[in-house]
Amino acid sequence: MRPLTLCVSRKERTEVICADALEELARRRETLLGRGALLFTDENVLALFGEKIERAMSGVPLFAMKPGERHKNEKTLFSLLGEMERRGLGRDGVLIGLGGGVVGDVGGLAAGLFMRGIAFWSFPTTLLAQVDAALGGKTAIDFAGIKNLVGGFFQPAEIVCDAGFLSTLPKRELLSGLGEIVKHGALSAPLFEKLCQNEKHLLDLSFLQSVAFENLAFKASVVRQDPFEKTGARAALNLGHTTAHAIEAERAYRHGECVLMGLALESRLARKYLSCDEPFLLRLESLCLSALGGGKLRRIADLSLAAALRDKKNRAGKIVPIVPTGLGRFEPLPLPFEEYRQAVREAAAR
Ligand SMILES: NC(=O)c1ccc[n+]([C@@H]2O[C@H](COP(=O)([O-])OP(=O)(O)OC[C@H]3O[C@@H](n4cnc5c(N)ncnc54)[C@H](O)[C@@H]3O)[C@@H](O)[C@H]2O)c1
Ligand SMILES: [Zn+2]
């Protein structure tokens with residue numbers, strides 16, 4: 001795979017490569033020892049890959065957080081910042097984040113804050129992080145019970161995407177990444193074709209490994225147009241997400257599953273309310289249902305969807321999902337809350 005570069009300003013650029021992570025770490029060890037570095041990971045990743053990492057990076061200190069969203073908080077952030085200070089990292093230092101989206105979000109934020117910003121090298125190890133979270137510069141911790149409340153835009157200097165990490169991921173984590181892959185497919189013709197051709201084995205590891213880097217490249221093409229989420233181009237990446245967040249808030253499903261349900265339901269809303277490419281939307285719905293497996297969508301009809309009321313994009317009592325209307329096409333669909341809730345329930349029961 002050809003490397004790619006994402007420049008968001010004259011000073012900020014991200015180099016993205018597809019490579020064997022441990023070989024890359026070993027190759028850079030001398031540089032890292034010279035500059036001063038800290039490898040940040042979580043305890044699960046450490047248990048799986050710790051020995052190999054230590055072999056590749058001997059002499060480079062390591063800090064592991066407790067795994068999971070529960071620990072994406074100020075306590076972990078400040079423990080990490082404290083460790084960076086104790087290890088004597090300077091302006092030229094490097095923080096390496098090796099893990100899923102949680103390690104990436106906390107690590108990226110710590111690197112952005114420490115001495116007003118040091119280099120962050122990201123080694124994503126989950127499918128979700130490889131196809132989505134690692135790239136784009138969004139960093140955050142959850143605070144006061146609100147997800148991603150405190151954060152900032154800090155671009156990683158490097159991303160090394162190694163699909164080999166995915167072989168230890170449980171199926172549910174793969175499904176979580178697949179949601180974003182199908183979302184990208186709704187926006188990109190070549191990706192959509194690949195997904196349709198592989199509809200019967202969307203969760204096969206070899207298929208997911210073969211499309212991971214292409215997804216990151218696609219996300220880069222969108223972020224490039226709207227690096228700081230100001231122009232609206234990045235809104236494309238919110239496809240299916242208003243409904244996904246409303247479902248996710250009820251805590252029955254993981255984010256990626258909710259994205260698949262959100263895409264299928266919003267596609268049905270688009271067919272009900274807007275002029276759209278019906279055959280395309282039917283193919284998209286079929287992909288989402290194949291990825292989800294049977295039965296899940298019908299259960300959504302019983303959810304309250306109350307969280308939709310608090311969506312950041314709500315305007316004047318209306319909820320405004322960004323719904324797919326054709327391949328690479330999407331529109332905001334403003335609906336009064338009660339009408340939205342009723343329409344989603346009907347769409348789920350169909
Ligand atoms: N910054 C962004 O643009 C962006 C985009 C999407 C999501 N996110 C954030 O990403 C987070 C979700 O990311 P995630 O799903 O990667 O969660 P995660 O980092 O919690 O990883 C999921 C689980 O997989 C484990 N794990 C990691 N790599 C593994 C491997 N190779 N094999 C086996 N287990 C492994 C982790 O320890 C964890 O238990 C959320 O906090 C979300 O807000 C950020
Ligand atoms: Zn998402």
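Domain bounds here come from an automatic or database domain assignment. The model on screen is predicted.

**The two domains**

Select residues 4-168 and give them one colour; they form domain 1. Then colour residues 171-349, which form domain 2. Taken over C-alpha atoms, the centres of domain 1 and domain 2 lie 28 Å apart.

**Where the domains meet**

Next, look at the contacts: 19 residues of domain 1 touch 21 residues of domain 2. To find the domain 1 side, select strand 1 (4-7), strand 2 (13-18) and helix 5 (127-133), the elements that each give two or more residues to it. Helix 5 supplies the largest share of this side, five residues. Colour the side of domain 1 that touches domain 2 by class, and it shows 13 nonpolar, five polar and one charged residues.

**Strands 3 and 4**

Move to strand 3 (residues 37-42) and strand 4 (residues 62-65). The two strands pair in the parallel sense, over four bridges. Asp 42 is the residue to pick in order to see a position opposite Met 65 of strand 4. Follow the chain from strand 3 through helix 2 (residues 43-56) into strand 4: this β-α-β crossover is right-handed.

Now show the side chains of strand 4. Which of them are buried? Phe 63 and Met 65 are, and they point to one face. Leu 62 and Ala 64 point to the other face and are not buried. In a regular strand, side chains alternate between the two faces of the sheet.

**Around ligand 1**

Select ligand 1 and the 28 residues around it. Asn 44, Gly 100, Gly 101, Val 102 and Thr 126 come nearest. Helix 2, helix 4 (101-113), helix 5 and helix 6 (171-185) each give two or more residues to this shell. Helix 5 has thus appeared twice on the tour: at the side of domain 1 that touches domain 2, and in the shell around ligand 1. By class, the shell around ligand 1 has ten nonpolar, eleven polar and seven charged residues.

**Thr 168**

Last, select Thr 168, in the loop between strand 9 (158-161) and helix 6. Why is Thr 168 classed as partly exposed? The reason is a count: 13 other C-beta atoms lie within 10 Å, whereas a residue is exposed at 12 or fewer and buried at 20 or more. To finish, draw a distance from the C-alpha of Thr 168 to that of Pro 227: the two are 32 Å apart in space and 59 residues apart in sequence.

Technical notes:
Residues are numbered from 1 along each chain as its sequence is written. Chains are lettered from A and ligands numbered from 1 in the order in which they are written. This is a predicted model: local features need pLDDT of at least 70, side-chain atom pairs count only at pLDDT 80 or more; totals for chains, interfaces and linings use all residues. Two strands pair if DSSP finds at least two bridges between them. A crossover is right-handed if, with the strands pointing away from the viewer, the path from the first strand over the helix to the second runs clockwise. Two residues are in contact if their C-beta atoms, placed from the backbone, lie within 7 Å. Ala, Val, Leu, Ile, Met, Phe, Trp, Tyr, Cys and Pro count as nonpolar, Asp, Glu, Lys and Arg as charged, and the others, Gly among them, as polar. A residue is near a molecule or strand if its C-beta atom, placed from the backbone, lies within 6 Å of it.
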